[in-house]
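Please open the model in your viewer and keep the sequence panel visible. The tour below proceeds by selection, with a short account of what is found at each stop.

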Amino acid sequence: MNYAALLGYPIPEIRQTYRGHDAVLYALSVGASHWADHPRGLDFLTDTRGPAVLPSYVVDLGHPGFWLGDPATTVDATRVVHAEEGFTVFAPLPPQAEVIGRTRIVDIIDKGAEKGALMFLAKEVSDAASGQLLARVERTVMLRGDGGYNGPSGPVRPPPATPDTPPDRTLTLTTRADQAFLYRLNGDTNPLHVEPETARAAGFPAPILHGLSTFGMAATCALFELAGGDPARFRGFRARFSAPVFPGEALAVDIWHCGALRMRSLTRDREVLSYGQAEILPEN
């Protein structure tokens with residue numbers, strides 16, 4: 001990897017228009033129908049009530065796509081892994097809008113030839129008409145094949161502390177068998193998630209669910225279980241990806257009143273999302 005070439009790569013600015021049906025599609029692709037019977041559940045699932053927009057939709061809005069696949073970045077694109085995701089929203093997302101996504105590289109940390117490199121990204125999502133900043137998204141990407149270039153090795157932001165008490169509640173959610181096919185309609189068409197041959201070539205026994213679909217499920221749990229389904233109270237969420245999820249798996253979601261959250265695969269008895277932390281505003 002050429003550090004200077006990657007740091008100076010011109011990540012494209014993205015304009016995107018979304019409408020009500022796009023927001024509903026996203027909600028369905030992250031399992032929001034689990035809360036269809038909640039007093040606010042249908043707000044996110046049908047245009048008869050708005051629709052309201054899940055706060056976590058910002059991770060997909062204005063996304064520049066898999067720009068790391070461009071040889072000009074000089075990274076080994078076959079060994080890129082999504083490590084962490086987080087977002088902060090500054091106001092509930094409107095039912096429809098044209099948005100602008102501006103993504104930049106914040107830092108690149110060299111962990112050594114055996115461990116790869118960590119790349120920290122930030123994306124700002126703004127309303128194209130008013131210029132209002134709607135949200136900020138932070139992403140950490142592990143470049144597994146690109147460490148050892150004698151770059152800076154830190155500091156790395158520590159994860160939030162995990163409570164040492166039992167969770168205040170635990171939910172069981174089952175991912176849809178077709179969830180990866182549904183989530184890819186949001187714009188992530190990586191064949192790893194739908195093509196068995198591609199998945200096997202990457203070292204997986206079968207296609208895996210998009211990490212951001214799992215992330216969206218976790219954020220939606222936090223929205224309904226900690227903020228009463230009210231997006232005006234939901235300021236942000238972040239988490240680390242611990243292991244892939246396979247479509248059709250049952251997941252246990254552990255939630256603490258302080259906003260902490262983790263997800264485990266009941267099918268494989270393995271933690272799949274860790275260090276989850278929601279920021280919830282108090283009720284007015």
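A residue is called partly exposed when its relative accessible area lies between the buried range, under 20%, and the exposed range, over 50%. The coordinates come from a predicted model.

**First stop: Arg169 and Glu225**

Select Arg169, whose relative accessible area of 28% falls between those two limits, so the residue counts as partly exposed. Now add Glu225 to the selection: the two side chains form a salt bridge, with N and O 3.1 Å apart. This pair connects distant parts of the chain, since Arg169 belongs to strand β6 (residues 169-174) and Glu225 to helix α5 (residues 211-226), with their positions 56 residues apart.

**Second stop: Asp254 and its partners**

Select Asp254 and Arg264 next. Their side chains are joined by a salt bridge with an N to O distance of 3.2 Å. Asp254 is in strand β8 (residues 250-255) and Arg264 in strand β9 (residues 260-265); the pair links distant parts of the chain, ten residues apart. Which of the terms buried, partly exposed or exposed applies to Asp254? Its relative accessible area is 2%, and Asp254 is therefore buried. Arg264, by contrast, is partly exposed at 26% relative accessibility. Extend the selection to Arg262, because Asp254, Arg262 and Arg264 are linked in a network of salt bridges.

**Third stop: Arg49 and Asp43**

Move to Arg49 and display Asp43 with it. The two residues form a salt bridge in which the closest N and O atoms are 3.7 Å apart. Arg49 is partly exposed, with a relative accessible area of 45%, whereas Asp43 is buried at 17%. In total, the structure holds twelve salt bridges.

**Fourth stop: strand β2 and its two neighbours**

Select residues 80-89, which make up strand β2. Seven of the ten residues in this strand are buried, and the strand is mostly covered. Now colour strand β5 (residues 133-143), which pairs with β2 in the antiparallel sense over nine bridges. Then colour strand β7 (residues 234-241), which also runs antiparallel to β2 and is joined to it by five bridges. Gly86 is a useful residue on which to centre the view: it stands opposite Glu138 in β5, and its bridge partner in β7 is Arg238.

As a general point for viewing such strands, side chains in a regular strand alternate between the two faces of the sheet.

**Fifth stop: the aromatic cluster**

Which residues form one aromatic cluster with Phe87? Select Phe215, Phe234, Phe237 and Phe241 together with Phe87 to display the cluster. The count of aromatic pairs in the structure comes to eleven.

**Sixth stop: Ser126**

Select Ser126 in strand β4 (residues 117-127). With a relative accessible area of 8%, Ser126 is buried. Show its surroundings, leaving aside neighbours within four places in sequence: Ser126 is in contact with Glu98, Val99, Ile100 and Arg102, and also with Gly131, Gln132, Leu133 and Leu134.

**Last stop: Gly20**

Finish at Gly20, which is placed in helix α2 (residues 20-29). Gly20 is buried, its relative accessible area being 16%. Beyond its neighbours within four places in sequence, Gly20 is in contact with Pro51 and Pro95. Add Ala52 and draw a distance between the C-alpha atoms: Gly20 and Ala52 are 32 residues apart along the chain, and these atoms are separated by 8.3 Å.

Note on methods: Residues are numbered from 1 along each chain as its sequence is written. This is a predicted model: local features need pLDDT of at least 70, side-chain atom pairs count only at pLDDT 80 or more; totals for chains, interfaces and linings use all residues. Side-chain values use heavy atoms; hydrogens and water are left out. Helices (H or I, at least four residues) and strands (E, at least two) are DSSP runs, numbered from the N terminus. Buried means under 20% relative accessible area, exposed over 50%, partly exposed in between (1.4 Å probe, protein chains only). Contact means heavy atoms within 4.5 Å. Rings of Phe, Tyr and Trp (its six-membered ring) pair if their centres lie within 6.5 Å; planes under 30 degrees apart count as stacked, over 60 as edge-to-face and the rest as tilted. Two strands pair if DSSP finds at least two bridges between them. A salt bridge is a side-chain nitrogen of Lys or Arg within 4 Å of a carboxyl oxygen of Asp or Glu.
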